[in-house]
4 protein chains.
Amino acid sequence: MAVHRFQPQKYYTTIGAHEPCLHIANGDTVVTSTVDTDGCDASGTKVTKAGNPQTGPFYVEGAKRGGSIAVRFDQLRPNRRLGFSLATIAPNVLDPGFVKEMPPVERAAWGIDEQGTFATLLSPATALGTIRLPLSPMVGCFGVAPDGGQAISTDTSGSYGGNMDYRGFRQGVTVYLPVYEEGALFSLGDGHALQGEGEISGMGIEISFDVSFTIRVAAGSIRWPRAENDEAILCVGNARPLDQAVQHCTTEMVRWLRDDYRLDASAASILLGQCVQYEIGNFFDPAYTVVCKLAKKYLPSVGA
Amino acid sequence: MAVHRFQPQKYYTTIGAHEPCLHIANGDTVVTSTVDTDGCDASGTKVTKAGNPQTGPFYVEGAKRGGSIAVRFDQLRPNRRLGFSLATIAPNVLDPGFVKEMPPVERAAWGIDEQGTFATLLSPATALGTIRLPLSPMVGCFGVAPDGGQAISTDTSGSYGGNMDYRGFRQGVTVYLPVYEEGALFSLGDGHALQGEGEISGMGIEISFDVSFTIRVAAGSIRWPRAENDEAILCVGNARPLDQAVQHCTTEMVRWLRDDYRLDASAASILLGQCVQYEIGNFFDPAYTVVCKLAKKYLPSVGA
Amino acid sequence: MAVHRFQPQKYYTTIGAHEPCLHIANGDTVVTSTVDTDGCDASGTKVTKAGNPQTGPFYVEGAKRGGSIAVRFDQLRPNRRLGFSLATIAPNVLDPGFVKEMPPVERAAWGIDEQGTFATLLSPATALGTIRLPLSPMVGCFGVAPDGGQAISTDTSGSYGGNMDYRGFRQGVTVYLPVYEEGALFSLGDGHALQGEGEISGMGIEISFDVSFTIRVAAGSIRWPRAENDEAILCVGNARPLDQAVQHCTTEMVRWLRDDYRLDASAASILLGQCVQYEIGNFFDPAYTVVCKLAKKYLPSVGA
Amino acid sequence: MAVHRFQPQKYYTTIGAHEPCLHIANGDTVVTSTVDTDGCDASGTKVTKAGNPQTGPFYVEGAKRGGSIAVRFDQLRPNRRLGFSLATIAPNVLDPGFVKEMPPVERAAWGIDEQGTFATLLSPATALGTIRLPLSPMVGCFGVAPDGGQAISTDTSGSYGGNMDYRGFRQGVTVYLPVYEEGALFSLGDGHALQGEGEISGMGIEISFDVSFTIRVAAGSIRWPRAENDEAILCVGNARPLDQAVQHCTTEMVRWLRDDYRLDASAASILLGQCVQYEIGNFFDPAYTVVCKLAKKYLPSVGA
């Protein structure tokens, strides 16, 4: 279980079967960093072109096509003092007839305190004044090389992960991803110091991150990203419209309950029917993201 | 501020400008009951035809077209010991190619304990055994007479309310509804002892309720239902697909922040962009329901 | 087979179980008129409030709940020389990010020649000049009283018909509608001298009509409007989004082929898979309309 | 204007910046062949893996990023006597509650006559018997290397073209595609001897083709595929749901009318509002395809 300290030299704005930056063993930890969506690093220097540049891909020894990997986000921490977001809700999020009432797109600047606890709005000047919001760092875009030899823009997402912009992908969560290429080829980027549900202005508080994560080769075949944290198990659907994303993540949850918790479709239906929760990851990117969530407290009851 | 104890004699399965069952004054409280979606009352007797039958409508003195009313749900309490739900996730919630893997639609029976604290699964027999879930009673269908002299089925919903099946409509919440007809003509029904987000099996735990609510005539014009509880303000969008429901509720939230909290579109965008939350009311009825939510803790910061 | 000449006195902007204006027998013909969407008649006089006012409802003797009626549009003819449309594509039809590039909503005026053959653009002045377009008169909104005692705005549509704004509802077509109330209670209005597919600017060339139609009581139960003309059989789906409208009309076509043409689901699939056509009725109203069409020339081959 | 006779040796199931198979000059014609979706050639031999394998990519000298190319399909002709389709409408095309009434997916076999005029159903045996349908050969999947260095599966489509499965892409049509990589890198495959609108069973009559096409470097920048035939100009939108595809193609048509026909947004709105037509390319693939169409007969009127 080695710990690899990795300084990225090259970034990608597609997720695909690119030349691995590092080979790691099953169970290894990687300590590295990500640039912000503009391609700027901890010093604010632009080191690569914009568009959710990815650190990676990391080749995981033993990750086989048809299997899956488990990625635990051990640490996700903004590594500089200045972030930015957008100051206009995106037009697709609003009633079409209301779009003309919105101002032109403008950037907002946020200061991060030294402890990484709060974001303070620096500009523009609005009735909000210097509003101060507690941070909740998350990683917007990560995934493995997609199926069929594709290389897909970090603008969007799919069964392989990608730009899901789900604020539940925080420190401490473990994400399961299907493996389509030998070694899985995991990459990540697009850290947000904070983000509302849906990423409705098109950006969280965008910033460079210090990150550390641990990857295990996992058993079993999955069709969509899954995750778990201390309280819940989660399945992710990435698609447009939201309706289809709901279908993907709910179907994946039924499969999970069936395969790993021995609940047939009736039992899974009864449980989910009264206990399921949903979260919207993003309602902005080309593919929207919806998360289907079941509290772990309901799982021990199973079979009781 | 009178308290009216009202025993319903007649129920409606459309929401419209029906003959009022009672006239109440601004600020009055009504203590009454609702039958379950099958039309069965506290004794389990079928007293009216099925389909979310409504108790009401109540004529609110002083409620004028173009204004709004505020309805506080003072008490929402199942009033019998047996409820029912469905044991199959609805086909529209699942991937089209997965639908054939689901069992035929069947009902599940739930027992409610005397204190109204838990629901215990009585049937069918599944790997869940006698799973016991904490109650969270909510009212699935309520609203005012819609605009233009319409009478609309209690299957669906719109700007007037209706069958929203949102589990956040619990005891203690205050809901604001637009007024389209003199007296508003408020009605309610379809109590659920518990319901998962999205009402994905097509039913919560359906049961008859004792209810009590207080109605005030409210200032100002609104376009969609709004609500507040101790923690948050909420706006509701009812439409298909989910995407349009998100657009409706988000737009209504921007209007609310602009009109009542003096945040222009930029300020509202910055705040919502990093702090907004969404919940799915239902993903089953003809119109889906999405709720846009903003924690009240962010509101005092405004203008600071 | 009487011919009734009926002069409307009253118009409705909901479709519901209103007091019939006339009782007719199975096979009778009605010769009457409709006002334009603004409520203006052949003389341009405003005689009722705006919003697709309906002439009717007509009570058809022998039309029973659970059955259907066949309405043949014998004549649909603009009865004045001035029509109007809108000069801006509706924002829901365009990319959300393009909406701001569109001008404010404005009306366009069209002159109709004495023979009712052409519409000539009178205003506004644009690079189109006095463009002259051939008429193709159609009726935008018609239907029967909906199920469950509802009264639904003439803005929208459903299984009962309503504001479908499909340009294929021309003279000579026969439409089949499900019957939900005794006597069916058919009404019609909202004539368009011409309309593009989708009614994307929100209006056709709106004008008052002289109309004549013949209604027969039809055998069999249907779930969505069906129609036929000389060339094709058609099924209609009314819903949002378009995807759901496609599902409704395609499913109804499979049922039609199964029930009346003895094609099982495989045979219907093979035939439709290679021969089906679709048209968008409207992409503007609260419910969109899609038509599934199969050329009659393929039907005689069946069973050959 | 050379004519290149090209025998493909290698096929791709992604569209991306692959090594060109041939460099051609502006105005050159290519005479070549495509395999069927299974990867079988004119002799029925499987020569590559399944999934709409592409012949190409062809590097067009002078095609620059930000420009466009015009591809004229000079000849599209099935080159063998046996094709196949599917015998079940896809579940996403039908009402979710109707899906269980459909049979399992099965293939249908079609014989093509020597003149390439008709397809005759060979199997399965159904009430259709040996139905004979006139051919209308079209190319289902073609495009240029997408933006940002992506390589995207031939299952889906986007602004670069791809698996659009639009039956209007017949012999004689000229298609305009945006150029994202030097040389454009055009490829094509997935010929259908015939296909219904929407490709609702998931396949047309799949068969290998002899094809010939001519490519010119075109002026101007476009955002979505455009096309023209003798009767009409067309714009293509590829997205899910259909609603978004309609938005893309309609917006592109407004741009085309504005940029090339000097119609401002009002004039374009008036014209399209009364004259536009739509066709559904496919309603099956990951991205749906909608075509916005304007008859050329309306264009000479412009400015008259």
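# A guided tour of the predicted model

Begin by selecting chain B and chain C together: 13 residues of chain B are in contact with 13 residues of chain C. On the chain B side of this contact, four residues are nonpolar, eight are polar and one is charged. Please keep in mind throughout that the model is predicted.

**Stop 1. The relation between chains B and C**

Keep both chains in view. What rotation superposes chain B on chain C? It is a rotation of 180 degrees, with 0.0 Å of shift along its axis, and the RMSD is 0.0 Å. Such a relation is that of a two-fold axis. To find where chain B comes nearest to this axis, select Ala151(B), whose C-alpha lies 2.4 Å from it. Both copies use the same surface, for 100% of the contact residues of chain B recur in chain C.

**Stop 2. Chain A as a whole**

Now hide the other chains and display chain A in cartoon form. Two helices and 22 strands make up its secondary structure. The radius of gyration of chain A is 19 Å, close to the 19 Å that the globule rule gives for 304 residues, so chain A is as compact as a globular protein of that length. Turn the chain along its principal axes: the C-alpha atoms fill a box of roughly 55 × 45 × 35 Å.

What share of the residues of chain A count as buried? The share is 61% of the 304 residues. Consider next the contacts in chain A with a separation of 6 or more: residues 24 or more positions apart account for 72% of them.

**Stop 3. The sheet of nine strands in chain C**

Return to chain C and colour its strands. Nine of them form an open sheet with mixed pairing, in the order 1-5-18-7-16-19-20-22-21. Select residues 3-5 and then residues 277-280 of chain C, which are strand 1 and strand 21. Each of these edge strands has a single partner strand, so one side of each is left without a neighbour in the sheet. On average, and ignoring direction, neighbouring strands of this sheet are turned by 25 degrees against each other.

Within the sheet, select strand 7 (residues 68-78) and strand 16 (residues 174-178) of chain C; they run antiparallel and are joined by five bridges. Which residue of strand 16 is the bridge partner of Val71(C)? The partner is Val175(C).

Add helix 1 of chain C, residues 242-261, to the selection. This helix lies across strand 19 (226-228), strand 20 (232-239), strand 21 and strand 22 (288-295) of chain C, and runs at about 140 degrees to strand 20 of chain C.

**Stop 4. A detail of strand 20 in chain B**

Move to chain B and select strand 20, residues 232-239. Is this strand mostly covered or mostly uncovered? Strand 20 of chain B is mostly covered, with seven of its eight residues buried.

Then add strand 19 (residues 226-228) of chain B, which runs antiparallel to strand 20 of chain B and is joined to it by three bridges. A hairpin of three residues connects strand 19 of chain B to strand 20 of chain B. Display Leu234(B) as sticks: this residue is the bridge partner of Ala227(B). Leu234(B) also stands opposite Lys293(B), a residue of strand 22 of chain B. Strand 20 and strand 22 (residues 288-295) of chain B run antiparallel and are joined by eight bridges.

**Stop 5. The sheet of four strands in chain C**

Go back to chain C and locate an open sheet of four strands, in the order 8-9-10-11, with antiparallel pairing. Its edge strands are strand 8 (82-86) and strand 11 (132-134) of chain C, and each pairs on one side only. Neighbouring strands of this sheet are turned by 35 degrees against each other on average, direction ignored. Strand 8 of chain C pairs with strand 9 (residues 107-112) of chain C over five bridges in the antiparallel sense. Ser85(C) has Ala108(C) of strand 9 as its bridge partner.

**Stop 6. Where chain D meets chain C**

Finally, show chain D beside chain C. The contact takes 61 residues from each of chain D and chain C. On the chain D side, helix 2 of chain D gives the largest share, 10 residues. The residues of that side comprise 35 nonpolar, 20 polar and six charged ones. Select helix 2 of chain D: it lies across strand 8, strand 9, strand 10 (118-123) and strand 11 of chain C, running at about 110 degrees to strand 8 of chain C.

Key. Residues numbered from 1 in each chain as written. Chains lettered and ligands numbered in written order. Predicted model: local features only at pLDDT ≥ 70, side-chain atom pairs only at ≥ 80, totals over all residues. Pairing = 2+ DSSP bridges. Axes fitted to C-alpha atoms, helices over the stretch in contact; angles between N-to-C directions. Contact = placed C-beta atoms within 7 Å. Nonpolar A, V, L, I, M, F, W, Y, C, P; charged D, E, K, R; others polar. Rg over C-alpha atoms; globule rule 2.2 N^0.38 Å. Buried ≥ 20, exposed ≤ 12 C-beta atoms within 10 Å, placed from the backbone. Least-squares fit on C-alpha atoms with pLDDT ≥ 70 in both.
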